[in-house]
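Visitor: Could you show me this one and walk me through how its labels were earned? I'd like the reasoning, not just the verdicts.

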Amino acid sequence: MQTIMFADESSPARAGIADVSSSTFIDNMRLPVHRWFRYSAGFSARWAESAIRRASVSREGLSVLDPFAGSGTTLLAAQAVGVPSYGVEAHPFVARVAQAKLLWTEDPASFVDHAHQVLAAAVNEGAEIDGYPSVIRAAFEDAALADLDKLRRAQRRLDDGSPSSELSWLALVSILRSTSHVGTAQWQYVLPNKRKARVAEPCNAFREQVALMALDMSTRPSTLPPAVLIKSDARTCAGVPDNSVDLVVTSPPYANNYDYADATRLEMSFLGEVESYGDLQSTVRDHLMRSCSQHVNERTVDLDAVLTDPVLRPIADELTSVCRTLAEVRLSRGGKKNYHLMIATYFHDMAHVWRAVRRVCRPDADVCLVIGDSAPYGIYVPVVEWNGALAKAAGFGDFSFEKTRDRNIKWKNRKHRVPLVEGRLCVGE
Ligand SMILES: C[S@@+](CC[C@H](N)C(=O)[O-])C[C@H]1O[C@@H](n2cnc3c(N)ncnc32)[C@H](O)[C@@H]1O
């Protein structure tokens, strides 16, 4: 039988972590290595670590998986506990960030040496800022962009594929937000009309970032368990062996229209990986599970085929009803967003994720997801219950849910008044 609990109730899932909020990355900005790149979509490293530590007490030889590894929080937390881990991440830029963070075990002196060569070589590079896309021209003063461009050229020239050059790459992409004079919203979108009070100078910011990374690297232990980040897809978990995982700690995209592609547009545009907003589709979104309306349209989604796919059978009736309502409601709304397609494909993708996770998990594995529900156009979507049903259909046992916070309760700037929650969904045998 399913259980729904609240954070102030006692629960095995919360033991020893009463002060840790699972759903925010902000505290990670004070933690070694985690703090190297601010990934707002990330969750709490302390919470992940405590969940893994607790499981490691009762299981010898624990092996951990995060199928939505993001910037690598779970993998670093598993290393801190001393257990091996796999991570799967499909976003090409985010996967590279995570892979670079995992190089924290390399020799800091070699990295500092390489980064200082980049700084020295940058002085002799000629800057060319005219070719940058408009989002970059709007985000940086010309002088700052010229310095960043020189650093980028020098980093590329000295890129020999070594861990040190990858770490220099990370140092460079990590300073783009602090050297931009425009505002960046909580969820990382660039706000060209909002000016920042303090803007860092690129070469100083790079030097400081390198020093911070080297400091964290200097604390590395002599041996660490493997942490393997695979650029792959959670819907298949390709690359993760069958029957190899005891504990899954993760946070999938929420069905809340957050666009992970747009979130890294600044960095990817600077790197020349995308030219325009349109490029984000083939470069990023096509690799991700469908959780935002920009991801889906009538041409690419056959709604009836999705809703009648046997993989969605456990929730088909309720899901169909919600999607039909959304299809009607959108006609009366300005944006006419494709939420009906987004919700159907979101659960279709999650059904495949649950099957893939079942394949790689040992029979008695535990799975813990940080997740929130959603209400596009004010239509409530029971994300927790439906995920619990899909997990069960994939071969897991009953679910429990522990609410950690309310969402959508502030009256200002709300698009709808449906109360929402965020919390931890756990399933086991
Ligand atoms: C909520 S974030 C997880 C962040 C992570 N817990 C951290 O601390 O950095 C969800 C992640 O799932 C990734 N993602 C989306 N679709 C995916 C897919 N099909 N396979 C693997 N990763 C995917 C997104 O790019 C995003 O980084």
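Visitor: Which residues come nearest to the ligand?
Guide: Of the 23 residues around the ligand, the nearest are Y39, S71, T73, E89 and A234. Keep in mind that this is a predicted model.

Visitor: How do you know that S71 makes a polar contact with the ligand?
Guide: The cut-off is a pair of N or O atoms within 3.5 Å. A polar side-chain atom of S71 sits 2.8 Å from a ligand oxygen atom, so the pair passes. E89 passes too, with a polar side-chain atom 2.6 Å from an oxygen atom of the ligand.

Visitor: What makes A90 count as a polar contact?
Guide: Its backbone does the job: an N or O atom there lies 3.3 Å from a nitrogen atom of the ligand, and the limit is 3.5 Å. As for the ligand's cover, it has 610 Å² of accessible area on its own, and the protein covers 99% of that.

Visitor: What is the shell around the ligand made of?
Guide: The shell residues split into 13 nonpolar, 7 polar and 3 charged.

Visitor: Why is strand β3 called largely enclosed?
Guide: Buried means under 20% relative accessible area. In β3, residues 85-89, 4 of the 5 residues are buried, so the rest of the structure largely encloses the strand.

Visitor: How do you know that β2 and β3 pair?
Guide: Pairing takes at least two bridges. Strand β2 (residues 64-66) has 3 bridges to β3, and the two run parallel; that clears the bar. One residue of β2, D66, has G87 in β3 as its bridge partner.

Visitor: What makes helix α2 mostly covered?
Guide: Count the buried residues: 8 of the 9 in α2 (residues 73-81) are buried. Among them are T73, L75, L76 and V81. The cover over the buried residues of α2 includes α1, β2, β3, α3, β6 and β7.

Visitor: What follows α2?
Guide: That would be G82, which has a positive phi, near 95°.

Visitor: Why is H340 called buried?
Guide: H340 has 4% relative accessibility, and the cut-off for buried is under 20%, so H340 counts as buried. H340 belongs to helix α14, which spans residues 339-360.

Visitor: Which residues does H340 touch, leaving aside those up to four places away in sequence?
Guide: E298, L303, C323, L326, A327 and R330. A touch here means heavy atoms within 4.5 Å.

How values were computed. Residues are numbered from 1 along each chain as its sequence is written. This is a predicted model: local features need pLDDT of at least 70, side-chain atom pairs count only at pLDDT 80 or more; totals for chains, interfaces and linings use all residues. Side-chain values use heavy atoms; hydrogens and water are left out. Helices (H or I, at least four residues) and strands (E, at least two) are DSSP runs, numbered from the N terminus. Buried means under 20% relative accessible area, exposed over 50%, partly exposed in between (1.4 Å probe, protein chains only). A residue is near a molecule or strand if one of its heavy atoms lies within 4 Å of it. A polar contact is a pair of N or O atoms within 3.5 Å; within protein, one must be able to donate a hydrogen and the other to accept it, and residues adjacent in sequence count only if both atoms are side-chain atoms. Accessible areas come from the Shrake-Rupley method with a 1.4 Å probe; for residues, only the protein chains shown count as cover. Ala, Val, Leu, Ile, Met, Phe, Trp, Tyr, Cys and Pro count as nonpolar, Asp, Glu, Lys and Arg as charged, and the others, Gly among them, as polar.
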